[in-house]
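Biologist: Hello! I am new to this structure and would like to learn how to read it. Could you take me through a few features, one at a time?

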Amino acid sequence: MAAILAAAMLLAGIAGLVTRSPRGRPWLTVLFGINAGYGEVSPDTLRTVQPVDVLLLVLAGVTYSGFWPGPGAGHLAWIVLAIAQPVLGIAILLVTRLWGRSGLMGGALVLSFLMLIDDTWTAAGWLGVTASVLLLVGDFATTGAPRRPLAWVLAAGYAALTLWFGWIGGILLT
């Protein structure tokens with residue numbers, strides 16, 4: 001259920017950007033807004049801890065822990081790393097008020113690689129790798145100045161991540 005809720009929150013984040021409601025916008029939509037050149041979104045928006053960001057990190061950690069002991073029993077350390085990244089990201093975010101959110105994508109990347117290595121859910125693994133890489137590139141490359149090509153990278157990654165969480169929710173519920 002955590003994965004389905006995460007996908008729903010990501011979908012709601014798009015509405016938060018369209019309606020200009022800062023409370024409903026996860027940082028990924030803020031990054032998109034910065035790069036797309038939306039006037040009401042600024043890099044300073046990222047310097048506040050929004051409850052939606054913390055909740056997304058919690059839901060990601062719960063989702064990743066749903067795969068315990070992980071795809072492939074010999075990869076316990078890697079599944080621990082996948083789970084730990086969003087959980088530690090919360091602590092880092094609360095302390096720094098800026099860093100730590102990328103733990104969601106880092107954990108998704110590790111879990112997706114495990115899916116590929118174990119050859120269990122290969123298509124879902126590739127979707128997760130694609131989403132994570134696109135969003136990490138967009139996250140780290142955002143400078144504060146509008147860069148429309150980067151906005152498209154973030155939009156594609158955001159859509160892929162939303163689909164991936166929905167797919168993962170389906171996997172875990174079956």
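Biologist: Let me start with a single residue: which residues does Thr 29 touch, not counting residues up to four places away in sequence?

Modeller: Before we begin, please keep in mind that this is a predicted model. With sequence neighbours up to four places away left out, Thr 29 touches Gly 13, Ile 14, Leu 17 and Tyr 158. Thr 29 itself sits in helix H2, which covers residues 27-36.

Biologist: Is Thr 29 buried or exposed?

Modeller: For that we look at relative accessible area, and a residue under 20% is called buried. Thr 29 has 4%, so Thr 29 is buried.

Biologist: Next, the aromatic rings. How many aromatic pairs does a search of the whole structure find?

Modeller: The search finds five aromatic pairs. Take Trp 164 and Phe 165: their ring centres are 5.3 Å apart and their planes meet at 65 degrees, so this pair is edge-to-face. The cut-off behind that name is an angle over 60 degrees.

Biologist: Which residues form one aromatic cluster with Trp 164?

Modeller: Tyr 64 and Phe 165 join Trp 164 in one cluster. Trp 164 is at 0% relative accessibility, so Trp 164 counts as buried. Phe 165 is also buried, because its relative accessibility is 0%.

Biologist: What about charged side chains: how many salt bridges does the count come to?

Modeller: The count comes to one salt bridge. In it, the side chains of Arg 101 and Asp 53 meet, with 3.0 Å from N to O. The pair links distant parts of the chain, 48 residues apart: Asp 53 belongs to helix H3 (residues 51-65), while Arg 101 lies in the loop between helix H4 (76-96) and helix H5 (103-118). Both Arg 101 and Asp 53 are buried.

Biologist: And how does one look for empty space?

Modeller: The general idea is to roll a probe the size of a water molecule over the atoms, which shows where empty space is left. Here, the largest pocket holds about 350 Å³ of space.

Biologist: Which residues lie nearest the centre of the largest pocket?

Modeller: They are Leu 31, Leu 46, Leu 98, Trp 99 and Asp 139, out of 16 residues in the lining. Two elements, H2 and helix H6 (122-141), give two or more residues to this lining. H2 has the largest share, with three residues.

Biologist: How many residues of each class are in that lining?

Modeller: Eight are nonpolar, five are polar and three are charged.

Methods
Residues are numbered from 1 along each chain as its sequence is written. This is a predicted model: local features need pLDDT of at least 70, side-chain atom pairs count only at pLDDT 80 or more; totals for chains, interfaces and linings use all residues. Side-chain values use heavy atoms; hydrogens and water are left out. Rings of Phe, Tyr and Trp (its six-membered ring) pair if their centres lie within 6.5 Å; planes under 30 degrees apart count as stacked, over 60 as edge-to-face and the rest as tilted. Buried means under 20% relative accessible area, exposed over 50%, partly exposed in between (1.4 Å probe, protein chains only). A salt bridge is a side-chain nitrogen of Lys or Arg within 4 Å of a carboxyl oxygen of Asp or Glu. Helices (H or I, at least four residues) and strands (E, at least two) are DSSP runs, numbered from the N terminus. Contact means heavy atoms within 4.5 Å. On a 1 Å grid over the protein atoms alone, a cavity is a set of points where a 1.4 Å probe fits but cannot get out, and a pocket is an open set with protein on both sides within 12 Å along at least five of seven lines; lining residues have an atom within 4 Å of a point. Grid points are joined across faces, edges and corners, and a volume is the space filled by probe spheres set on the points. Ala, Val, Leu, Ile, Met, Phe, Trp, Tyr, Cys and Pro count as nonpolar, Asp, Glu, Lys and Arg as charged, and the others, Gly among them, as polar.
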